[in-house]
Amino acid sequence: MSDSNTDVIQGTLDMLILKALSLEPLHGFGIARRLEQQSDGVFKVNPGSLLTALNRLERNGWLTSEWADTPNARRAKFYRLTRTGLKQLEAETADWSRRAGAVTRMLAAEG
Amino acid sequence: MSLRTRMAHGLRTLLRRSVADADLFDEVDHYVAEAAAAYRAQGLTESEARRAAQAEMGARTSVRQQIRGGNWEVTVESLAVDVLRAARRLRRAPAFAIVTVITLTLGVGASTAIFSVIRPVLLQALPYPDAERLIAIADAAGPGGAPMDVTFGTYRELAARSRTLEHVAVTRAWQPTLTGNGDAERLEGQSVSASYFGVLGIAPATGRDFSDADDRPGAAPVAIIADDLWRLRFGADGNLVGRSVILDGGPVVVVGILPHGFENVWNPAAQVWRPLGYDRSLPGDGREWGHHLQLLARLAPAVDLETARAEFAAIARTPAPQFTRPQWADLRAGFAATPLQEQVTAHVKPALVAVTIATFLLLLIAIVNVVNLVLARGADRRDELATCAAFGASRLRLQTPLVAEGLLLAIVGGALGVAVAHAMVGALVTLDGFALPRVGAIRVDNSALAFAVILSGLIGTAASALPALFVSSRDNPQASGTRIVSAHQRLRGAFVVAELALAVVLLVGAGLLVRTVDRLLAVSTGFRPDGVLTLQVQASGRRLEGPEAVRRFFDDARAAVQAVPGVTSVALTSQLPLTGDADVYGVGTRTAIALPPGADAGAFRYAVTPGYFRTMGIPLRRGRDIEDRDRAGAQPVAVISASVARRRFPDRDPIGEQIRIGPADNWFTVIGVVDDVRQSSLAAASGEGVYVPKGQWRFADRAMWVVVQTAGEPAAIEPAVRRAIHAVDRNQPIFKVATMAQRVAASAGRQRFAMTALDAFAAVALVLATLGVYGLLSGRVIQRTREIAVRSAIGATRSNIVDLVLRQAGGLAMRGILLGVVTAMLANRGLATLLFEVSPLDGGTYASVVAVLLLAAAIGALLPAWRAARIAPAAALQSP
């Protein structure tokens with residue numbers, strides 16, 4: 001909600017979710033918190049967009065989900081990265097690095 | 001993987017919606033709780049934290065919409081809702097729904113059925129590789145250039161000299177009797193040159209094709225059999241190839257089994273093939289020079305039919321010294337080559353084309369009717385829709401329910417139509433006397449289903465989109481309502497006129513065919529079919545090796561049938577009218593007669609027993625009947641038909657004159673004259689006929705017809721007749737059993753098929769047109785209620801008011817009739833080849849159709865007129 005936060009760059013949310021889940025299974029809020037922490041508070045995720053993305057990724061077969069207890073004894077839906085999800089993450093990471101590198105080089109040349 | 005999981009997820013959501021929703025809401029709630037906890041940890045109060053978290057998330061249901069929005073099942077869900085609503089609306093208008101569905105069912109059903117038939121028969125290539133290269137070639141030496149079977153000699157010459165043909169084959173019918181493995185069975189088969197399957201481009205699935213060595217006189221007897229025969233008769237015995245089976249009493253080695261599903265379009269019933277085995281040295285007096293072979297060929301690649309035809313003509317024109325030609329096969333008339341597809345479908349094509357056109361007309365009527373019904377409904381709902389539009393409903397939003405309604409009706413009508421198509425196709429393929437080629441391939445298959453689906457979908461969308469366009473083109477119900485209504489009315493009036501016109505076209509077609517069938521059945525056949533049962537018996541096998549044994553068997557069989565109770569008379573004949581038999585021989589007289597060129601097509605040769613004319617009811621006009629004393633060794637005698645007497649003995653009494661039939665020394669003394677009979681078909685003019693005593697013909701016919709006259713129902717004595725023949729020899733198969741009356745009926749089969757279809761379609765068209773008139777006029781009466789009330793208030797009588805409505809009906813009918821008659825005069829030309837002794841412009845038919853249509857329009861106008869007459873002026877004018 002706060003204006004100092006930046007929305008996640010268009011098209012990178014899926015990749016960031018996959019990355020967050022590559023370490024351990026997380027529930028929805030856990031993922032949001034992880035993204036915020038890892039970006040040092042730069043990215044703030046809209047909950048609706050996050051849950052929509054999770055639904056989409058699960059349908060693509062990149063995630064599986066199951067209900068389990070959280071450490072503070074609430075029932076939560078935990079998402080886990082599948083093998084194809086991992087492959088997708090690697091592919092997207094490689095693709096992103098290539099693009100980002102190119103953009104950075106272009107900006108550097110311009111300056 | 002991905003598609004499958006997506007489908008699985010969607011289905012789960014659809015089927016277990018409450019579970020899926022609960023799951024989603026739980027997840028959302030948990031998220032909010034965690035977020036609130038985080039805010040609390042940042043120092044917010046309990047309620048502030050909860051509010052902030054909730055605000056971030058938004059309302060639960062809208063979150064659900066957002067999450068689910070991209071999933072396919074949502075589209076399905078909203079469609080389902082629209083369809084359910086449409087169904088509810090239609091339930092409130094049952095008359096509209098039922099009439100529309102019935103119309104669609106008939107239209108889609110009939111067109112799907114006819115599509116299922118014409119696709120394999122007329123549209124698809126024959127089921128052979130490069131089937132478009134297959135042709136049939138005939139000797140054009142028949143009367144008036146008609147095609148005629150070729151001789152073996154002609155085949156040898158053409159095969160050797162032609163460069164445009166890749167393969168050439170000849171074939172003739174062969175009906176062997178299979179014994180030694182269950183009951184004796186008479187099989188349908190073909191004697192073929194070794195190249196036959198090569199021409200078709202088909203090789204046996206098991207074993208080998210015929211070789212050149214098989215196809216010579218004296219070669220060891222071999223046969224190739226169909227997959228069906230192998231399965232049904234030999235239990236799919238894997239070791240059958242190379243073993244012998246007993247055909248016509250002798251062992252024949254099976255060398256090959258054809259592939260499963262092989263279709264033999266030339267003779268669909270054939271199950272067994274043997275090499276022809278004719279003598280290639282072409283002895284001048286042998287069967288090698290008889291006109292009894294059908295010639296099939298495969299064009300060389302990249303050769304078109306015209307090039308080939310030119311080459312055949314050149315070959316026919318220029319005899320080569322190494323190929324002798326007897327005078328009766330001199331090829332002076334040239335060859336007639338047609339694509340094989342045309343050849344095998346020629347007999348059904350006119351009827352099928354006529355019915356296809358009729359189906360198309362019916363479909364047009366159905367579409368017009370549906371559009372009309374939907375338009376009428378749109379007019380009824382004008383206010384409702386206009387209100388929606390005024391409140392700002394988008395064009396799309398207005399159209400959606402209408403389209404949903406149209407689609408729902410189309411789906412129901414289409415599904416019922418497919419069921420109707422199934423039933424119709426089932427009835428068609430078994431229709432008596434209408435031998436459809438490729439019957440095995442005719443069925444309502446996937447492409448027919450796709451056809452039905454696309455058709456009903458198109459009709460549904462078109463019908464529903466049209467009124468929706470009218471509605472959305474208007475923004476203010478008050479301002480433009482009247483204009484829309486009158487546009488509506490004009491359009492609906494035009495549609496009703498179109499319906500009436502199409503009904504006229506169908507009625508005229510149906511009427512012409514009804515007259516044709518009447519005329520055909522009224523044709524003087526020359527015989528009396530009542531009470532006559534006919535069946536064919538084949539003498540075959542070792543025990544009946546010689547001609548004497550064959551003659552004795554038939555004499556004994558005739559005596560046995562004579563003894564059956566209820567049989568008043570029985571006779572045998574080598575060929576029977578209306579069976580497809582065409583045993584024709586050249587005819588000569590002692591004094592040469594000058595017949596017009598091409599007019600001497602020979603005469604049908606009948607070898608008969610005494611009593612044949614009596615049994616068949618063929619009147620003897622002069623002289624005497626064939627009697628028992630006219631046996632072998634006695635003076636050869638013949639009875640001739642009236643046309644032979646007239647043409648060959650124009651100036652004298654034929655009785656006592658000599659007539660030759662067949663070979664040069666085959667002379668008979670004429671003892672009597674009988675009426676002409678229709679041998680080939682009811683429609684074809686009677687050919688000449690020469691009847692000789694069975695015992696005096698130069699060979700013993702092995703297939704004879706048993707003709708039984710009974711006082712009672714002829715079909716009822718069939719079992720007793722069978723038993724009597726089998727008591728003589730139970731190995732001789734009996735087949736082609738039918739009463740003479742059935743044969744007469746079957747001979748009009750093509751016309752009857754087209755007539756039945758057109759009758760039904762015309763009836764439907766008439767009913768729909770009547771309904772159209774009714775619907776339009778009752779709508780107008782309702783709209784003009786006030787006007788009519790004013791008229792009667794200022795003195796119009798009830799009959800004035802009725803006149804007013806009837807005049808409208810009359811105007812519609814006249815326009816429909818005018819348009820329809822002109823269209824019918826053009827369209828029904830296509831029926832010409834089916835018609836018999838009826839002109840496509842038959843005045844009587846047109847007159848009665850016009851009368852029927854006027855009557856229908858009057859009936860349609862009756863109820864609206866009555867309603868109009870009953871309008872009470874005071875009440876009508878006071879109502880708002």
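## Chatting through chain B

Author: Quick starter on this predicted model: of the contacts in chain B between residues at least 6 apart in sequence, 83% link residues at least 24 apart.

Reader: OK, and how many helices and strands are there in chain B?

Author: Chain B has 26 helices and 24 strands.

Reader: What percentage of its residues is buried?

Author: Chain B has 880 residues, and 43% of them are buried.

Reader: Let's pick a strand. Is β11(B) mostly covered or mostly open?

Author: Mostly covered: β11(B) spans residues 294–299, and 6 of its 6 residues are buried. That goes for both faces, with B:Gln294, B:Leu296 and B:Arg298 on one side and B:Leu295, B:Ala297 and B:Leu299 on the other.

Reader: Which strands does β11(B) pair with?

Author: β1(B), residues 134–139, runs antiparallel to β11(B), with 4 bridges between them. In that pairing B:Ile137 is matched with B:Leu295. β2(B) is also antiparallel to β11(B), through 6 bridges, and there B:Leu165 has B:Leu299 as its partner.

Reader: And what else does β2(B) pair with?

Author: β2(B), residues 165–174, pairs with β5(B), residues 189–192, in the antiparallel sense over 4 bridges. B:Thr171 sits opposite B:Val192 there.

Reader: Does β5(B) run parallel or antiparallel to β10(B)?

Author: Parallel, with 4 bridges joining β5(B) to β10(B), which covers residues 272–275. One bridge puts B:Ser191 opposite B:Arg274.

Reader: Switching topic: where is B:Leu777?

Author: B:Leu777 is in helix α22 of chain B, which covers residues 749–783.

Reader: Why does B:Leu777 count as buried?

Author: Because B:Leu777 has 25 C-beta neighbours inside 10 Å, and the cut-off for buried is 20 or more.

Reader: What is B:Leu777 in contact with, leaving aside neighbours within four places in sequence?

Author: Its contacts are B:Val805, B:Gln808, B:Ala809, B:Gly860, B:Ala861 and B:Pro864. As for B:Leu806, that residue is 29 residues from B:Leu777 in sequence, with 9.2 Å between their C-alpha atoms.

Reader: Now the contact between the chains. How many residues come from each?

Author: Chain B gives 19 residues and chain A gives 17 residues.

Reader: Which helices of chain B each supply at least two residues to that side?

Author: α1 (2–15), α2 (17–41), α3 (46–57) and α4 (60–68) of chain B. The largest share is from α2(B), at 7 residues.

Reader: How many on chain B's side are nonpolar, polar or charged?

Author: On the side of chain B that touches chain A, 8 are nonpolar, 7 polar and 4 charged.

Technical notes:
Residues numbered from 1 in each chain as written. Chains lettered and ligands numbered in written order. Predicted model: local features only at pLDDT ≥ 70, side-chain atom pairs only at ≥ 80, totals over all residues. Contact = placed C-beta atoms within 7 Å. Nonpolar A, V, L, I, M, F, W, Y, C, P; charged D, E, K, R; others polar. Buried ≥ 20, exposed ≤ 12 C-beta atoms within 10 Å, placed from the backbone. Pairing = 2+ DSSP bridges.
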